[in-house]
Amino acid sequence: MYIGIDVGGTNLKAGLVDETGSIVKVERVPLDFQGPERFAEALAELSKNVMQEKVRWVGVGLPGAVDGGDVLFTTNIPMENVPLEKLFRQHLDLPLLLGNDADCAAVGEFFGGAGKGTRDFAVVTLGTGVGAGIIVDGKLRGGLASSEAGHMVICRDGELCNCGRKGCWERYASATGLIQQTKRAMEAHPESALHQLAAEHGVEGRTAFQAAEAGDEAALAVCQSYVNYLASGLASLINILRPEAVAIGGGVSAAPERLLLEPLREAVSKECFSRHGGRTTRILPAELGNDAGIIGAAMLGRVM
């Protein structure tokens with residue numbers, strides 16, 4: 001048995017996971033960060049709450065960079081160069097394995113979702129940013145070798161990214177980028193149904209896809225442009241890695257398949273080297289949803 005903990009923006013979610021990758025027990029508590037020492041204690045207490053029998057290790061997935069049992073930095077809580085495993089073992093004497101959230105999503109999907117049965121596999125998550133978790137020959141490229149695929153440049157001298165470079169894939173293919181593109185379309189098309197949807201729910205990553213599904217032409221143009229941006233980076237990633245499959249996850253992935261995955265597959269197929277022969281990468285929807293982080297964190301020790 002293993003324990004996986006998913007560190008989100010507002011909650012900590014822990015699950016007891018069996019050898020097959022199934023969650024046996026789960027518990028969630030609010031994230032109340034009061035420094036690294038208290039955070040490590042909270043992780044240990046949460047682990048004890050879901051523990052039912054002998055556990056081999058505890059895995060933790062968090063947004064940021066890790067190296068072994070150390071947190072180099074995190075993006076949603078103020079930690080930098082923290083020996084988290086050392087602090088954790090003061091409260092619970094079990095190995096603590098760390099991975100970033102995209103890596104954990106890839107591991108979860110590899111064992112129990114869209115990547116089951118593959119050896120070379122990747123997950124691309126479309127959320128606030130663009131994350132990528134990569135499995136090569138059954139092993140995770142994690143830790144200091146974790147991917148920062150969201151910061152490959154797809155538009156030279158393009159829009160400024162938070163990382164300081166211009167034209168990053170994340171700037172265009174994330175939910176954040178999609179929202180900005182939707183707002184620009186609203187400004188240019190006051191007659192668009194986008195305005196009605198935004199008045200009801202605000203502008204979200206799904207707004208353009210909802211309006212496009214209803215036949216709004218401005219929204220459809222946004223979706224088509226977004227898919228092209230997504231395809232540009234994804235084709236490059238596939239050409240470099242040549243995986244058997246790539247799963248698309250994150251909030252944007254819930255868009256209707258005919259508006260997202262179907263045109264994405266068509267666009268990528270035109271740009272991938274596989275059109276000349278060799279392995280053709282399948283582009284699939286991620287399957288595990290919010291469980292991927294817990295399962296992947298729990299299974300980290302199986303792919304290291």
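## A salt bridge across the sequence

Let us start at Glu 19, which counts as partly exposed at 42% relative accessibility. Please keep in mind throughout that this is a predicted model. The partner of Glu 19 is Arg 302: the two form a salt bridge, with 3.5 Å between the closest N and O atoms. Glu 19 sits in the loop between strand E2 (11–17) and strand E3 (23–30), while Arg 302 belongs to the segment after helix H10 (292–298), so this pair ties together parts that are 283 residues apart in sequence. Arg 302 is also partly exposed, its relative accessible area being 32%.

## The hairpin of E2 and E3

The two strands on either side of the Glu 19 loop deserve a look of their own. E2 and E3 run antiparallel and are joined by seven bridges. Together they make a hairpin with five residues between them. Within the turn, Gly 21 has a positive phi of about 90°. For a handy marker of the pairing, find Val 17, which stands opposite Ile 23 in E3.

## More salt bridges

How many salt bridges does the structure hold? The count is 13, and a few of them are worth visiting. Asp 137 and Arg 119 meet through their side chains, at 3.4 Å from N to O. Asp 137 lies in the loop between strand E10 (130–136) and strand E11 (139–140), and Arg 119 lies in the loop between helix H3 (101–112) and strand E9 (121–126), so their salt bridge ties together parts that are 18 residues apart in sequence. Both ends count as partly exposed: Asp 137 has a relative accessibility of 48%, and Arg 119 has a relative accessible area of 44%.

Another pair is Arg 265 and Glu 257, whose closest N and O atoms are 3.0 Å apart. Arg 265 is partly exposed at 27% relative accessibility, and Glu 257 is partly exposed as well, at 35%. Elsewhere, Glu 85, Arg 89 and Asp 93 are linked in a network of salt bridges.

## The open sheet E5-E6-E7

Next comes a sheet of three strands, open and antiparallel, in the order E5-E6-E7. Which strands stand at its edges? They are strand E5 (64–67) and strand E7 (80–82); each has a single partner strand, so one side of each is left without a neighbour in the sheet. On average, neighbouring strands here are turned by 20° against each other, direction ignored.

The pairing of E5 with strand E6 (residues 70–74) is antiparallel and rests on four bridges. Ala 65 faces its opposite number there, Phe 73 in E6.

## The largest pocket

The largest pocket offers about 1,300 Å³ of space. It is lined by 47 residues, and those closest to its centre are Asp 101, Thr 125, Gly 127, Thr 128 and Gly 129.

Several elements each supply at least two residues of the lining: H3, E9, E10, helix H4 (169–173), helix H5 (175–188), strand E12 (245–249) and H10. Which of the elements gives the most to the lining? That is H3, with four residues.

## Three residues to visit

Is Gln 181 buried or exposed? This residue of helix H5 is buried, with a relative accessible area of 12%. Leaving aside neighbours within four places in sequence, Gln 181 is in contact with Tyr 172, Val 222, Tyr 226 and Tyr 229.

Ser 274 has its place in the loop between helix H9 (261–271) and strand E13 (282–285). Ser 274 counts as buried because its relative accessibility is 16%, and the cut-off for buried is under 20%. Not counting residues up to four places away in sequence, Ser 274 touches Arg 242, Arg 279 and Thr 280.

Finally, Ala 42 is found in helix H1 (residues 36–50). Ala 42 is partly exposed, with a relative accessible area of 23%. Between the C-alpha atoms of Ala 42 and His 91 there are 9.3 Å, and the two residues are 49 residues apart along the chain.

Key
Residues are numbered from 1 along each chain as its sequence is written. This is a predicted model: local features need pLDDT of at least 70, side-chain atom pairs count only at pLDDT 80 or more; totals for chains, interfaces and linings use all residues. Side-chain values use heavy atoms; hydrogens and water are left out. Two strands pair if DSSP finds at least two bridges between them. Axes are lines fitted to C-alpha atoms, for helices over the stretch in contact, and angles run from 0 to 180 degrees between N-to-C directions. A salt bridge is a side-chain nitrogen of Lys or Arg within 4 Å of a carboxyl oxygen of Asp or Glu. Buried means under 20% relative accessible area, exposed over 50%, partly exposed in between (1.4 Å probe, protein chains only). Contact means heavy atoms within 4.5 Å. On a 1 Å grid over the protein atoms alone, a cavity is a set of points where a 1.4 Å probe fits but cannot get out, and a pocket is an open set with protein on both sides within 12 Å along at least five of seven lines; lining residues have an atom within 4 Å of a point. Grid points are joined across faces, edges and corners, and a volume is the space filled by probe spheres set on the points.
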